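Dear colleague,

Please find below the structure that I am handing over to you, together with its sequence. My findings follow directly after it.

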Amino acid sequence: MSTYIQNFIKFRPLLNELIMRDIKTKYRKSILGVFWTILNPLFMMVVLSVVFSNLFKFDIEYFPVYLLSGQLIFNFYNEATTSAMGAIIDNGPLIKKIYVPKYVFVLSRIFSSSINLLASFTALIFVMLAMRVELHYTVLLVPIPLFFIVFFSLGVGILLAAITVKFRDIMHLYSVFVTALMYLTPVIYPMSILPEWLEKIVLLNPITNILMMFRDVMMNNTVPSVSSILLAAVEVVVVMAAGLYVFYKRQDTFILDI
Amino acid sequence: MENMDIISVDHVSMRFRLASEKVDSLKEYFIKTLKSQISTNEFWALNDVSFQIQKGDALGLIGLNGSGKSTMLKIIAGVLKPTKGSVAVRGEVAPLIELGAGFDYDLTASENIFLNGALMGRSHEEMESYYDGIVEFSELKDFIDVPVKNFSSGMIARLAFAIATIGTPDILICDEVLSVGDFRFQEKCHKRIGEMLEKGTTLLFVSHSIEQVEGLCNKAVWLEHGNVKMFGECKEVAEIYRTAY
C-alpha cells in the first residue's frame, strides 16, 4: 500500500502538468481563451431557457436557474466520464513507451472537467445574482453534492476507461446511454410532471439524488437529508470500488490491447 | 543476502498475441468465445532470459531486428509486465526508449520540458533548476516558444536527449537513440553518457552499430529470437558476434 502512495506522490506533478495541458490545448489560439469556460455554459443556458420557456411551459420559479443547475451537474457527468473513457486509448503512444501509473490519465481528465464545473458554477452564481434569486446560507453546503458528483464520475470514468481499451464498442454505446440517462434525470423537467411509475425509475438514477441535493442547497434553502447523503455516499463507494477493482485487474494488459 | 545487482532479470519470458487474432468488439468476442477461436496464435518475444547487472556497469544489448532487444528494455523500464519470470530494479530509471515519446506536439518546447520532467516524476520547481541546462544542451534557445510540431526530427532528438539525461539517474536506458542527429550532436551525446557513467550511472544500451556498443559498454547480452545467445564481457561477445554475421 505504501508503495502506491509513494508512487502517487512521485507523479503528483504529472497530474498538474496534464491538467494544465488539457486546458491550454483546449483554448489555444482562441481570443477569449479560458473565459470560454464561463461563457459557454452561459450561452447554452440562454438558448435553452429561451427554447423551453416558450415551447414547454413548466410551472417552475426561476426556470433558467433550474435548468442551468441541472445542466451543470449532468453536463459535468457527461463530459467527465466521456473524456475519461478515452484517457487510456488516447495516451496509448505514451503508455507504450514510458512507465507511468495509468490511473493518472483518468484522474487528469476528471479533474480538468472539474475545473470546467467550477467555471459553470461561477456562471450559475452570476445568473442567480442577475435574476435576483435569493442566495441562502445553505449555498455554503454546495461542496457536498459537488464532491459526490466528482467522485461518482471518477468511479464510472475509471471503469469505462479500463473496459473500453478491450471493447471499443462501448464508446459508441455509451453516448446513446448518456442521452437516455439525461431524460431519466430531472434536468429540464420538474419531478412533479412525472407519473408515479416513472418517478420511481428516475429516483433510482444516482445522478437524480445528487442533482436534487444540489438544487436544495442552491435554490430551495434546504439542508440535504441524512438519508440522501448516505445513499449518495454508498453509491459513490460502490462505483469507485468497482471501477478501481476492474482497472487494477486489467491495467497490465492495456498495453497489449492499445 | 549480499546482492549488489542493480538490475536482475530472472527467467523472463514475454508472450504477445498476434494482431490477426485481435478482438476489438463485444460481438466478435462472444462469437469467437462460442467458437472457441480466441487466439491460439502466440508469439514469444522473449524466452527464459536471465542476466544480472552490477551498479556502474554499461550493458550493451545486441542482436538482429526482432530478437527481443526493445521488449527487454521495455520490461526493465516497467512499461511491459513479463508473462513469466520477474525483473528487480533498484533505483531510478531514465528511459530513452524513443526520443520524443512523451512530447505533446501542440505544446511549445518549454512547456514540453515541464511535461516530460513530470512524466519522469519531477516537480515543476525541480525542472526550473534544470531548465537552463536543457536549453543550452539542446541548442534551442531561439525556438523555445515554438510548438514542437514545427520542429525537425533532429531538434526533437536534441531536446528529448537533453531532458532525459538531466540529473544523475541510477539507470539510463538508451534504445538506438544515438542514430539520429548529426555527427556533432552524436559526439556530444556520447560525451554526456560518458560523464554519467563516471558518476556511477548504470547504462543499458541498444544499438545496431557494434562499434558504438564496444565504445561505451563493458558487458554485453546477445539476443537471438528471444533467447540469450551469449552474456559476458563486451569484447568477447562482440568478437564472436562479428564473426557470426
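In chain A, an unreviewed UniProt entry lists residues 30-52, 72-89, 110-131, 137-161, 173-191 and 226-248 under "transmembrane region". The coordinates themselves come from a predicted model, and two of these segments may be set against it. Over residues 72-89 of chain A, the chain is 94% helix and 0% strand, with 27 Å between the end C-alpha atoms. Over residues 173-191 of chain A, helix accounts for 58% and strand for 0%, and the end C-alpha atoms are again 27 Å apart.

I turn next to the interface between the two chains. The size of an interface is often given as the accessible area lost when the parts come together. Between chain A and chain B, the buried area is about 2600 Å², and carbon and sulfur atoms give 63% of it. Of the area that chain A buries against chain B, 23% is supplied by A:Glu17, A:Lys97 and A:Phe167, which is more than any other three residues supply. In terms of residues, chain A brings 26 to the contact and chain B brings 32.

The polar side of this interface can also be described. There are 3 salt bridges between chain A and chain B. In one salt bridge, the side chain of A:Arg21 meets that of B:Asp104, at 3.2 Å from N to O. The count of residue pairs in polar contact between the two chains, both at pLDDT 80 or more, is 4.

Which helices of chain A each supply at least two residues of the side that touches chain B? They are α2 (12-27), α6 (92-97) and α13 (254-257). The most is given by α2(A), with 7 residues. Sorted by class, the side of chain A that touches chain B holds 13 nonpolar, 1 polar and 12 charged residues.

Finally, I would draw your attention to one residue of chain B. B:Thr202 lies in strand β7, which covers residues 202-206 of chain B. Is B:Thr202 buried or exposed? B:Thr202 counts as buried because its relative accessibility is 0%, where the cut-off for buried is under 20%. The side chain of B:Thr202 reaches the backbone nitrogen of B:Gly56 at 3.1 Å. Beyond its neighbours within four places in sequence, B:Thr202 is in contact with B:Ile6, with B:Ile53, B:Gln54, B:Lys55, B:Gly56 and B:Asp57, and with B:Asp170, B:Ile171 and B:Leu172.

With kind regards

Methods:
Residues are numbered from 1 along each chain as its sequence is written. Chains are lettered from A and ligands numbered from 1 in the order in which they are written. This is a predicted model: local features need pLDDT of at least 70, side-chain atom pairs count only at pLDDT 80 or more; totals for chains, interfaces and linings use all residues. Side-chain values use heavy atoms; hydrogens and water are left out. UniProt positions are given in the numbering used here, feature names are shortened, and annotations may be inferred rather than shown by experiment. Helices (H or I, at least four residues) and strands (E, at least two) are DSSP runs, numbered from the N terminus. Contact means heavy atoms within 4.5 Å. Buried area is the accessible area (1.4 Å probe) that two parts lose on being put together, summed over both. A salt bridge is a side-chain nitrogen of Lys or Arg within 4 Å of a carboxyl oxygen of Asp or Glu. A polar contact is a pair of N or O atoms within 3.5 Å; within protein, one must be able to donate a hydrogen and the other to accept it, and residues adjacent in sequence count only if both atoms are side-chain atoms. Ala, Val, Leu, Ile, Met, Phe, Trp, Tyr, Cys and Pro count as nonpolar, Asp, Glu, Lys and Arg as charged, and the others, Gly among them, as polar. Buried means under 20% relative accessible area, exposed over 50%, partly exposed in between (1.4 Å probe, protein chains only).
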